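Dear colleague,

I am handing over the structure we spoke about, with the sequence alongside. My notes on what was found follow below, and I would be glad if you read them with the structure open.

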Amino acid sequence: MRWRILRALLHKEVLRHLANRGGIALLLLLIAASLLLSFFGVRDAANGEVAPSVRLCYVDYGTPSPLVAHLRSHLPSELARYVEFRPAQRVPTDANGTIVYPQGTAAIQIRPGADGGYRISFWHPGRDASVMAPFEIWFWKEALHFTQSQPAAKPSPTIEAERLQLKGGLDPRSGMATALLLFGLFFVCVYLLPSLTCEERERGVLLAQALSPATTTEILAAKFLFYPVLALALAVVLTLTYRPIVLTRPFFWLALLAAVFGSMGIGLTIASLARTQRAASMGAMCYTLAVALLLFICQQNRIPGLPYLALEYHCPRMLHAALTDMVLASHWGHLAGATVLAVLWSLLAAFLFRRHGWQ
Amino acid sequence: MGTDVILRLDDLTVRYGAFVAVDRLSLELRPGELFGLLGPNGAGKSSSLRVLIGQRRPSGGRVTVAGLDLVRDWQRIKTLFGYVPDRENHFEEFSGRRNLQIFAGLYGVPARRVEECLELVELSEAAHLPVRAYSLGMRRKLLLARGLLHRPRLLYLDEPSANLDIHSTAVVHGILRTLTAEGVTVLLTTHNMREVEEVCDRVAILCRGRLIALDSPLALRQQHVERKVDVLLAGGARRVFDLDDDDARACLGKHVAAGEVASLQTREFDFHETFLKLTGTPFE
């Protein structure tokens with residue numbers, strides 16, 4: 001690896017991007033959007049919450065009880081896919097011991113109450129408790145059947161209930177900031193990189209570079225240096241306008257690096273496979289849409305496992321956690337997953353590019 | 001000849017599946033030689049060139065450049081040759097000068113060499129203009145300038161005079177002659193026999209991947225020119241006299257002495273006829 005050649009290749013990339021007015025305009029738009037969000041975005045998550053929906057309701061219980069057993073055995077088939085029973089030991093908590101529920105979920109917590117009764121807490125996302133209506137109807141109907149089924153000699157257990165709103169939630173500001181950050185990363189690495197690389201190939205300039213003393217490894221290294229730096233610089237600017245303090249968090253940088261190198265790998269894979277600039281743009285768009293659709297289908301149908309194979313599943317979660325300073329153990333898991341995927345994508349991209357990417 | 005050979009092709013074979021594009025082609029090019037590869041479309045010129053510029057591995061045979069094996073020593077060979085493709089491949093958004101500066105950076109040549117090359121191809125005045133504003137001829141001259149940046153020992157040109165006007169063609173041919181005088185070996189592929197005759201020291205004629213003739217253009221002309229004369233007699237009759245036939249030659253002499261010849265025309269070397277005679281297929 002020769003620095004003289006790397007420098008010449010990097011200089012060429014800088015010049016090409018400075019001449020690409022469309023790309024510069026979009027990057028500036030992203031920064032402008034981030035500034036607008038920073039100055040005018042709603043800062044109170046509770047007031048500005050995105051209208052929530054419940055795709056999963058947890059039934060969390062301290063100890064197995066007859067009521068829990070009854071509920072479990074009387075779960076209607078239409079709700080079966082949307083209800084999950086969990087003992088307290090399996091419920092994730094943050095560093096302070098507070099129970100954490102993922103976005104789009106609600107919970108029915110069952111605790112022992114006074115005189116052998118039960119204390120029930122209905123936790124709903126957002127201000128509108130009616131989002132939990134199907135689960136509450138089921139619960140109360142079965143709770144009534146349960147009390148009625150008790151032997152007459154035995155007093156019916158008392159059931160105290162309360163409704164509570166889950167704190168936090170996806171506030172528009174942090175959600176938008178995460179979206180802008182991800183869009184910026186994917187724009188640079190999954191759109192710009194394949195598009196400009198394939199343009200070079202289509203024009204034959206990539207071949208001209210490959211016939212110069214620059215080796216394929218050096219051409220590849222220059223791309224692996226330039227695009228991540230551009231993506232990181234954009235991410236830093238966007239984060240600065242949102243919450244500068246986040247830049248001091250190691251988790252943010254780790255998450256960002258995993259996201260950048262993962263998206264670089266995806267972009268370079270597309271660039272190596274596509275023959276023309278048009279094919280590269282189409283490839284980038286189709287990839288993004290296909291993954292979004294796949295994740296949506298998996299989420300709606302609760303298909304396990306498959307989403308973990310997509311970088312796009314891990315990135316929003318870990319970056320949002322980093323931006324909001326709410327990093328849980330699960331986010332470290334997402335970081336590990338994203339890192340593994342980033343390495344795999346980068347290896348695939350390097351293999352494909354070295355094999356026939358420049359031809 | 002041994003060490004005096006800059007480029008050697010030994011039984012070079014290029015296959016695309018079952019199709020043989022180049023069939024056991026053997027050539028030797030000497031330093032300072034201007035060599036033409038001539039042939040119709042599909043003759044194997046481009047496939048041979050693709051091997052020489054490392055875009056394709058030979059299916060068989062061996063290629064050496066300055067004694068180095070093309071496959072094994074590719075990285076060392078890359079600095080020895082310059083390549084001028086048939087299709088221009090510039091950074092359209094940059095000026096001609098910027099284009100050369102980028103490649104000068106890759107080759108590690110000083111900035112003044114960029115100006116020298118621009119001057120050589122008569123592009124100094126247009127060097128500041130973006131390439132997208134260049135004419136086809138200017139773009140091709142810029143390609144030549146890029147190919148010469150690092151002072152290669154071997155220069156490959158694919159259809160060098162395509163899209164060039166008469167003056168630019170003369171400039172390019174002049175540059176090629178100067179280069180060969182300095183010891184640079186030039187290998188050019190072309191459809192154009194006239195170009196070969198004007199500039200090449202030797203020419204190889206390819207057809208369907210096979211070498212069918214290898215000689216100097218003059219020798220080819222002498223070997224294959226038709227020694228016949230078309231005569232229009234005073235009475236309006238047309239006759240053809242074969243100059244290799246003693247009787248025909250004597251008969252022509254009689255007609256000329258008797259003042260019966262209205263017009264007389266010798267047959268010129270016709271490359272297309274020669275190609276047809278050599279290969280049995282028309283030059284297309």
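A crossing of two helices is called right-handed if the near helix is turned clockwise from the far one by less than a right angle, and left-handed if it is turned anticlockwise. In this predicted model, H6(A) passes H8(A) in just such a right-handed crossing. The axes of helix H6 (residues 172-203) of chain A and helix H8 (residues 216-242) of chain A come within 10 Å and cross at roughly 160°; since angles over 145 degrees count as roughly antiparallel, H6(A) and H8(A) are therefore roughly antiparallel to each other.

On the H6(A) side the contact includes Ala177(A), Leu180(A), Leu181(A) and Gly184(A), and on the H8(A) side the residues met include Lys223(A), Tyr227(A), Leu230(A) and Ala231(A). By class, this contact of H6(A) with H8(A) has 14 nonpolar, three polar and one charged residues.

As to the wider layout, the domain assignment divides chain A into domain 1 (3-43 + 171-357) and domain 2 (56-166), and the centres of these two domains, taken over C-alpha atoms, are separated by 42 Å. Four residues of domain 1 of chain A are in contact with four residues of domain 2 of chain A, and the side belonging to domain 1 has two nonpolar, one polar and one charged residues.

A word on confidence: chain A averages a pLDDT of 86, with 94% of the residues scoring at least 70. Over residues 45-49 of chain A, however, pLDDT stays under 50, and for this stretch the model has 11 contacts beyond four places in sequence.

With best wishes

Key
Residues are numbered from 1 along each chain as its sequence is written. Chains are lettered from A and ligands numbered from 1 in the order in which they are written. This is a predicted model: local features need pLDDT of at least 70, side-chain atom pairs count only at pLDDT 80 or more; totals for chains, interfaces and linings use all residues. Domain bounds come from an automatic or database domain assignment. Two residues are in contact if their C-beta atoms, placed from the backbone, lie within 7 Å. Ala, Val, Leu, Ile, Met, Phe, Trp, Tyr, Cys and Pro count as nonpolar, Asp, Glu, Lys and Arg as charged, and the others, Gly among them, as polar. pLDDT is the predictor's confidence in each residue, from 0 to 100. Axes are lines fitted to C-alpha atoms, for helices over the stretch in contact, and angles run from 0 to 180 degrees between N-to-C directions. Helices (H or I, at least four residues) and strands (E, at least two) are DSSP runs, numbered from the N terminus. Angles under 35 degrees count as roughly parallel, over 145 as roughly antiparallel, 65 to 115 as roughly perpendicular and the rest as oblique.
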